[in-house]
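Please walk through this protein with the sequence and the coordinates side by side, taking confidence, helix and hairpins in turn.

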Amino acid sequence: LDARVSARLLTTIFYPGTSLHDGAAMIRGDRVVAAGCVLPLTGRTLSDSSLGTRHRAAVGITEQNDALVVVVSEETGIVSLARNGRIARRLDSQRLRKVLK
């Protein structure tokens, strides 16, 4: 994509029903470099059995790369963060900002 990151762009990408909705968006710096990306799933069993493919992909990509992955549950709105093959759940906006900085 090579587009400037904005709330409006991310809302459009992840709007239910769009062709990019189920894939990941890759952000480098202040640019969305790709969207609709399919990520490798972790082969491990996650501690919370309610976590689905989106969370398994977040963990999977961080097992193979130095990525930091923010996951928002479509069903609950819960924000999670995956890094180094681990996932932290229920981050509030203050904690998420701190980690991302």
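Contact here means heavy atoms within 4.5 Å of each other, and this is the sense in which packing is described below for a model that is predicted. The protein chain averages a pLDDT of 93, with 100% of the residues scoring at least 70. Among its elements, strand β1 (residues 3–4) has the highest mean pLDDT, 98, while helix α3 (residues 93–100) has the lowest, 93.

Helix α2 covers residues 53–64, and because each residue should add 1.5 Å, its 12 residues should span 16 Å, which agrees with the 17 Å that separates its end C-alpha atoms. The buried residues of this helix are His-55, Ala-57, Ala-58, Val-59, Gly-60, Ile-61 and Thr-62, and they pack against β4, β5 and β6 (86–88).

Two of those strands belong together: β4 (residues 68–72) and β5 (residues 79–83) pair in the antiparallel sense over 5 bridges, and they form a hairpin with 6 residues between them, where Gly-77 in the turn has a positive phi of about 80 degrees. Within this pairing, Val-71 has Ser-80 of β5 as its bridge partner. In a regular strand the side chains alternate between the two faces of the sheet. In β4, Val-69 and Val-71 make up the covered face, whereas Leu-68, Val-70 and Val-72 make up the uncovered one.

Another hairpin is formed by β2 and β3, with 2 residues between them and a positive phi of about 65 degrees at Gly-29 in the turn. Strands β2 (residues 24–28) and β3 (residues 31–37) pair in the antiparallel sense over 4 bridges, and Met-26 stands opposite Ala-34 in β3.

Methods
Residues are numbered from 1 along each chain as its sequence is written. Side-chain values use heavy atoms; hydrogens and water are left out. Buried means under 20% relative accessible area, exposed over 50%, partly exposed in between (1.4 Å probe, protein chains only). Two strands pair if DSSP finds at least two bridges between them. pLDDT is the predictor's confidence in each residue, from 0 to 100. The expected span of a helix is 1.5 Å times one less than its number of residues.
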